[in-house]
Amino acid sequence: MKKLLALLLCMMLIVPSALALADDQVTITLWTYPIGSWVDDTTVKGFIDSFNAVHPEIKVNVQYLDYSSGDDQVTGAIEAKTTPDIIFEGPERLVANWGAAGKMLDISDLWADTKDDIVAASPAVEAACKNAEGIYYEYPLCMTTHTMVINKQYFEKADALQYIDEETHTWTTENFIKACKALQAAGYIPGVIYCGGQGGDQGTRALVTNLYSGKFTNADHTAYTMDSAENIQALTQLQTMVNEGSLTADPGIVAGDEIALFCNGTIAMGFCWNASAAVSNKASMQETVTPFPMAFPSDDGVPELQGGIWGFGLFDNGDEARANAAKTFVKWVCDDANQAVPSVYATGFFPTRASLGDIYTGTEKEDNAAFSLFMPYLGDYYQVTGNWAVQRTEWWNLLQRIFSGGNVEAEVATYVTNSNSGI
Amino acid sequence: MQATTTSNPHRKMKVQRGDIGSDHSVQALTPYKVIGVILLIILALLFLFPLYWIITGSFKSPQVINAATPQWFPLEPTISNYQRLFEKPAMAWVWNTVFMCVMSMILTCITASMGGYALAKKRFTGNKLIFSIFIIAMALPKQVILIPLLKEMAWLKIHNTLWAVILPTVGWPFGVFLMKQFSENVPNELLEAARIDGAGETRTFLEIVLPLISPGIGALAIFTFINAWNDYFLQLIMLNDTQVLTISLGIAKLQSELSTDFGLIMAGAALGSVPIIIIFLIFQKFFTRGITMGAVKG
Amino acid sequence: MTVKAPSLAVSKAQKAQRRRENIAGYIFMAPSLLFFLGFVIFPMGMCLVTSFFNYTMTDFSFIGFQNYAELIHDSIFVNKALINTLIIVVLSVPVTCIFSLWVASLIYKMREVHTSFFRCVFYLPVVTGSVAVTVVWKWIFNNYYGILNYLLKNLGLITMNQNWLGSANTALGCIIMILLTTSVGQPIVLYVSALSNVDGSLVEAASVDGATNLQVFWKIKWPQIMPTTLYILVITTINSFQCFALIQLLTSGGPNNSTQTIMYYIYYNAFKLNRYGYGSAMGIILAIIIGIFSAVQFRLARTDNG
């Protein structure tokens, strides 16, 4: 009996290592959040196939996450120690959450030869991908700005086109208020401030902070500053508009629902829009809707838009062979001469390498090129501030309280206290 | 068992009474009854409506679904929702669900019938204590233990596999409790006789006890199946990979941040519910019998 | 079986028999015990232990009763999650019982086909699956293109779209309503069977004596279906406490925490904020509450049967 057991144990020890020695095949796992077409199995498998043409020794398994349960899955995987090797998302998760918790690998070596190219595209991207100590946890692939969108047909009928600058896609706060009133007078629902959950909250954040050029956090990202005079003024303004009916607040929906309302012509503007949303919602657009992307209104006419940065991070799984294979894959996806453009193109966003230039003009996604117009307005990437997950819940709860008649100053104080405690 | 073999004594009686001209149903045509039945029919329609809305919705195009004026019936039915659904491993989700439910069912029936028999008929030391712990544990909310359970599954290296859902389902004490109640009806004389005849424990259990408690096993099987089918929270925590999802999780995951595609979601919901509804309708008698027996004994 | 053995020989035989019983008992018990201890009792113990720790993604340190102390002062837990959970239980349990008894009493005397038709219809939401039912209701309740608002507006019952899930006044009510549709199926099946098994001769005798239908129901039928009622009370209570999918998929506890429940708050703390220790402490509190409810119901069962 004992002998048998010993034999079995020996076999268990030897067999896997023997298998590993047999060939140098490494298997790595990639999890991706839904970023453009990176949820489409055919596209991603296609990339992996081309990768295997160059690196047949690395096998890549891919899993697709979604924003409603993806975080739970990563949390579960971290606790279960079954994290993937590579994950595709933004700095708020890669750097500020899992990186800060010590779960990610330092990937500074990937940056060695591309840092200048990335800084040339946007210094904000480079800053967002590292922590305060300068350790890089993310290797960026693409970026965008989150904008809003208006239905040109409704604006025209309400005689509100005069309030926007069609050339630069910008408008002032004053004109935004006038436009909303004009739309209301013409019988349209101008816009809905959605606050049923955290989905798409970058839109509501940008709306509030831009109105009177407030800041969402302080400059070194250590505290939330919604209680500043500018932000309180903005929230009070929005509350007034909701009370008057020139805007609506809906604690029952999130951005996805709001976009559906925009597409079916129920509302005249949407607060959660970007190049990727423009592509994916084309099919459900009613004839009465002509989407026209706009920057968020601001008092000085110069918007500061919320950025989106997406890239790859590596979970620390304690296996060097897999880590190296993962780095090879990431490097290939982002920087290979033939692959870099298709990788970004699939996201529908813009390259974080200045050398890649304009990748949309003259392609099927021609419309996306228009969004590059907004890139200069890219603002501070404050999503890496601590307590981010707490803040997100506090945020939609704050909006719910304000738009159900709460006192702005008191509610903001609660929000700031809760969000800042324990940063 | 009593509950099912007595085939509705009331109905028989009614026939007899009908003969002497005092039929209950004739007498019962009071305004209360009429209103009651009308209300009942309205309620039945309300209960049927969600299913109708799932099935018709799954054939509607995104424009129709998002239109402010809903269509009661898809005027231009499209299968594009299903096409998009099957671009995802939707069939795998269905099979995963079936595998998970059936496996939970089989394992629960085996372990519970053995355990229930032991608790009912074997006077071993600690019998009473074990039974009390089972009873107490039944009242516990199982979601409470999910975080440690997650750790445990990781340690066993079965996190993110269907077994991580199956094993805790099998561990749930209700089955043992139910089977104990059924096993108590097995006459002691039969067991004694078998012992005198020299039958071993295994033979006694397989040849005498099992046939007698088989209706109970049927009830338990149905119970376990439905519970495993509906235990969304456990599945949500334990399963990650697209390939190992159950259909419930799959449907929940079809909602994305930037667009709520109700057509696609309804197609998923239809795929998840229509097969089991058909099974339910075919085996309706067994389902109701199982539910009733589970309760009578539980 | 339990005759005392006077002679030594018999007692020896009895000892042997006893040992045999013991061994057989444990062998038969082993598989279920293994699963039960491994996947229920062990994690339960772990849950109790971690509730005394500050257990997050980066930390695991003993803090005594601090989690519990924080819980008492957590206004969302005390004022929202706890209260809403109790509202759901206190409302949905009696309503489920009364509604299903009413339906059952109407349908059990119908023709076999009709009885089983209605039984099936009311059981349908259970087999459809909680997630499928939830997502379709989400669509029906939609503020802008849901069928409910469209219907009510056309019938003239409301003039403006009502934001069913987005308003603190209606959201919890909607959730309880959906919960009801998914929980009356089993009670109806049970009541139909229980009512059919009421001793017919007693009913007959009472009617001959001139008892009204109501009297017949309370004096004869009600006591006989009492065990069924208690069973239904217990299972409905446990189900109502554990309602989770509805909250997660419909409202995420909003608006303004008006649909926050203990179950969802545990999930939120453990999986969104990675506060496992705090979540465990909440779990222990929930277990105690359910324990109290069950104990009370078991008590009732005992006094009523005795």
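## Helix α4 of chain A

In this predicted model, let's start with α4(A), where Pro91(A), Glu92(A), Arg93(A), Leu94(A), Val95(A), Ala96(A), Asn97(A), Trp98(A) and Gly99(A) are buried. That makes nine of the nine residues of α4(A), so the rest of the structure largely encloses it.

What do the buried residues of α4(A) pack against? Their partners are β3 (86-89), α7, β9 and α17 (388-403) of chain A.

## Where the two domains of chain A meet

Chain A is assigned two domains: domain 1 covers 18-144 + 308-379, while domain 2 covers 145-307 + 383-420. Taken over C-alpha atoms, the centres of the two domains of chain A are 29 Å apart. Contacts between them involve 27 residues of domain 1 of chain A and 23 residues of domain 2 of chain A.

Our buried helix turns up again here: α4(A) gives five residues, the largest share of the side of domain 1 of chain A that touches domain 2 of chain A. The elements giving two or more residues to that side are α4 (91-99), α7 (123-128), β4 (139-151), β9 (306-314) and α16 (366-371) of chain A. Sorted by class, the domain 1 side has 15 nonpolar, nine polar and three charged residues.

## Chain C and its partners

On to the contacts between chains. Chain C puts 77 residues into its contact with chain B, which brings 80 residues of its own. Helix α1 (residues 8-50) of chain C supplies 21 residues, the largest share of the chain C side. That side breaks down into 52 nonpolar, 22 polar and three charged residues.

Chain C also touches chain A, with 17 residues of chain C in contact with 21 residues of chain A. Here the chain C side holds eight nonpolar, eight polar and one charged residue.

## The nonpolar cores

Which residues have the most contacts inside the largest nonpolar core? They are Val136(C) and Ile175(C), in a core of 176 residues. Chain B is part of the story too: its helix α13 (residues 201-230) contributes 13 residues, the largest share of this core.

Zooming in on Ile175(C), and skipping its neighbours within four places in sequence, the contacts are Leu246(C), Ile247(C), Leu250(C) and Thr259(C). Apart from the largest core lies another, of 130 residues, including Trp171(A), Leu211(A), Ala295(A) and Tyr360(A).

Conventions: Residues numbered from 1 in each chain as written. Chains lettered and ligands numbered in written order. Predicted model: local features only at pLDDT ≥ 70, side-chain atom pairs only at ≥ 80, totals over all residues. Contact = placed C-beta atoms within 7 Å. Helix = DSSP H or I, 4+ residues; strand = E, 2+ residues; numbered from the N terminus. Nonpolar A, V, L, I, M, F, W, Y, C, P; charged D, E, K, R; others polar. Domains from an automatic or database assignment. Core = buried A, V, L, I, M, F, W, Y, C linked by C-beta atoms within 7 Å. Buried ≥ 20, exposed ≤ 12 C-beta atoms within 10 Å, placed from the backbone.
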